[in-house]
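Reader: Please take one part of this structure and go through it slowly. I would like to follow the residues in the picture, and then see how the rest of the chain is built.

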Amino acid sequence: MAYVALYRKFRPDTFDEVKGQDTIVTTLKNQIKHNRIGHAYLFCGTRGTGKTSVAKLMAKAVNCESPVDGSPCGTCDSCRRIASGAAMNVLEIDAASNNGVGNIRQLNEGVQYAPTDGKYMVYIIDEVHMLTDGAFNAMLKTLEEPPSYVIFILATTESHRVPVTIRSRCQRYDFKRIEYTTIADRMEDLMQREAVSADREALEYIARAADGSMRDALSILDECVSFNLGETLTLDRVLKTIGAVDTEIFEKLTDAIAADDPVAVMQLIHEVVWKGMDLTRFVDDYVWFLRNMLFLALSPGLGSRLDMTEEQVALLVELGKEFSRETLERQLHLMQELSQEIRYSSAKRVTLEMGMIRLMRPEMRSDSESLIGRIERLEKRAGDAEAEVFRLKERLEKLQEGGVTIQKVTAPKEPQEELHVTEEEREEEIRKRFSPATAEDLLAIRDKWWKEIIPQLPETATKRYLSRPQDFRYAVYPKTPENGSGEGEPVLEIRFIGDPKLDRALNVAMSHLEQGQQIENLCSDIEKITGIRVKVKYSSEDVMQRETALSDLASKIKYEIEEK
């Protein structure tokens, strides 16, 4: 006889053998015992959680000649026929390949005929969400009011794709993921039946890798047992068989990241690659490793809920002290991005290496999370430097206590060449630097304003405003006490032409030019360029008033000419 896979060989024969779905099992058994059987059921849940197995047990139980506490006896003719697949009153339909309107019409026609053996006709429709819209519509009436001898059991992994009109006509049962300890206990029992030696640690690792699916766990176990026939199934053999990574690698990787040692990280990746480990699984497992570390950093009391041993919890708590919570959250986010990226990469090793470099070098990115990471790296370096200084101070104190004399040595100063400046040269420099500008100086500055002074001004906001005559029209007016400055020394007036009350851009420009040290800085810049100290003053001239004044002046001149 051909070999039968473990998940098929040990499919539950009674409700008591169904693991991890106690609430659903109890409800269905009570319905059968008290004859409260519904006409339509919807079983929802992820793969391998027992939906099809429970559906077949339900079909057996409702047709069993002598059920035991709501479970099928397994010995009557009806139970044996259903178990062997020879029963005519239990039909299992795969909706993935029979999803058209024609298939459902055939089902509707078959419903009209009573079962030739057994009490109920049971239709088990697997992956029901794959039916087309037309097929769902064709099924509605029959599903709502089937004959008394018909039971529909619909199974799906994507309940949101089942129309609400279908869901509302069914009793819905959600199959949850099975806890890893329950899966490990089931596998341990099966290994005893198969006379195979297996370590509990290896079975628990397989249970975690199955992610709540009993069928996946038994498939992985089947593979591991076949690869290690005649040998005890240990954790190392399991890791080697399925290409997974021992948590020791993750511990070393985390230590290398904490030590900011990219060489060690690259060596660990090289080791993982040459051991033939699946890099996609490596990234996924490290995501869970970081997730557990983050949760333990938030609250060490969560260890009992993370499906981990006390030793692993203690280790992750200690590793987590090397990072802040924000850093762990950033690393977890980056690894999740890498998990999606590496699945579709044609060069998985390069993708993994670049992802780990981004993890260690946040300066390679410019988003806010990376900026936080860069700040944390700088803070860590500063803390390390401070710790090193403290350590050196302690060492120095111990040396001094031991009688060692510490002498401070300073480097000899290089002789500097002395500059001899005469009194006349110093007075000339002061006079040149601080003497007020004359009217001729101001006229020279005005003439050089656009070609020499503006181009040599430093790049500041003041220069940007003064370099844009197309936006802000202004003129430079030299004003001395003689021509009406009203002050004790000459003034260089920069007069903007426009109304600052009406022109918002001009208003903003003038408010900036006049604030703080802007005027003093401009005076200093002009002095550096020309060697002349000047005072600068800003003013504005209303363009409307100016045009009115010019118009009045023109009218006056015209009148005087006509009089003459």
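**The second largest pocket and beyond**

Author: The lining of the second largest pocket is made up of 11 nonpolar, 3 polar and 7 charged residues. Before going on, note that the model is predicted. The pocket has a volume of about 550 Å³. Its lining counts 21 residues, and those nearest the centre are Arg-11, Lys-56, Ile-82, Ala-83 and Ser-84. Rolling a probe the size of a water molecule over the atoms shows where empty space is left.

Which elements supply the lining with at least two residues each? They are helix H1 (6-9), H3, H4 and S2. Helix H3 gives the largest share, 5 residues.

Helix H4 is worth a separate look. It spans residues 77-84, and Ser-78, Cys-79 and Ile-82 are buried in it. Viewed down the axis of H4, the buried residues lie within an arc of 100 degrees, so they line one face of the helix. The cover over these buried residues includes helix H3 (51-63) and strand S2 (90-94). Ile-82 therefore appears twice in this account: it is one of the buried residues of H4, and it is among the residues nearest the centre of the pocket, while the buried residues of H4 line one face of the helix. After H4 comes Gly-85, with a positive phi near 85 degrees.

Now step back to the whole chain. It has 24 helices and 8 strands. Of its 564 residues, 39% are buried. Among contacts with a separation of 6 or more, 71% join residues 24 or more positions apart.

The largest nonpolar core holds 36 residues, and Ile-257, Met-335, Leu-352 and Met-356 have the most contacts inside it. Two or more residues of this core come from each of these elements: helix H12 (247-258), helix H13 (262-274), helix H14 (279-298), helix H15 (310-320), helix H16 (325-343) and helix H17 (348-360). H14 contributes the largest share, 10 residues. To follow one core residue, take Met-356: leaving out residues up to four places away in sequence, it touches Leu-253, Ile-257, Val-265, Ile-269 and Met-335. There is also a second, separate core of 27 residues, which includes Ala-184, Leu-190, Met-214 and Leu-218.

Two loop residues complete the tour. Phe-323 sits in the loop between H15 and H16. Is Phe-323 buried or exposed? Its relative accessible area is 13%, so it is buried, the cut-off being under 20%. Apart from neighbours within four places in sequence, Phe-323 is in contact with Thr-254, Ile-257, Ala-258, Met-293, Leu-328 and Gln-331. One of these partners, Ile-257, is 66 residues away along the chain, and the C-alpha atoms of the two are separated by 9.8 Å.

The other loop residue is Ser-213, between helix H9 (200-209) and helix H10 (214-227). With 1% relative accessibility, Ser-213 also counts as buried. Not counting residues up to four places away in sequence, Ser-213 touches Arg-47, Gly-48 and Ile-183.

Notes. Residues numbered from 1 in each chain as written. Predicted model: local features only at pLDDT ≥ 70, side-chain atom pairs only at ≥ 80, totals over all residues. Heavy atoms only, no water. Buried < 20%, exposed > 50% of the residue type's maximum accessible area, 1.4 Å probe, protein only. Helix = DSSP H or I, 4+ residues; strand = E, 2+ residues; numbered from the N terminus. Arc of directions from axis to C-beta. Contact = heavy atoms within 4.5 Å. Core = buried A, V, L, I, M, F, W, Y, C linked by side-chain atoms within 4.5 Å. 1 Å grid on protein atoms, 1.4 Å probe; cavity = no way out; pocket = protein on both sides within 12 Å on 5 of 7 lines; lining within 4 Å. Points joined across faces, edges and corners; volume = space filled by probe spheres on them. Nonpolar A, V, L, I, M, F, W, Y, C, P; charged D, E, K, R; others polar.
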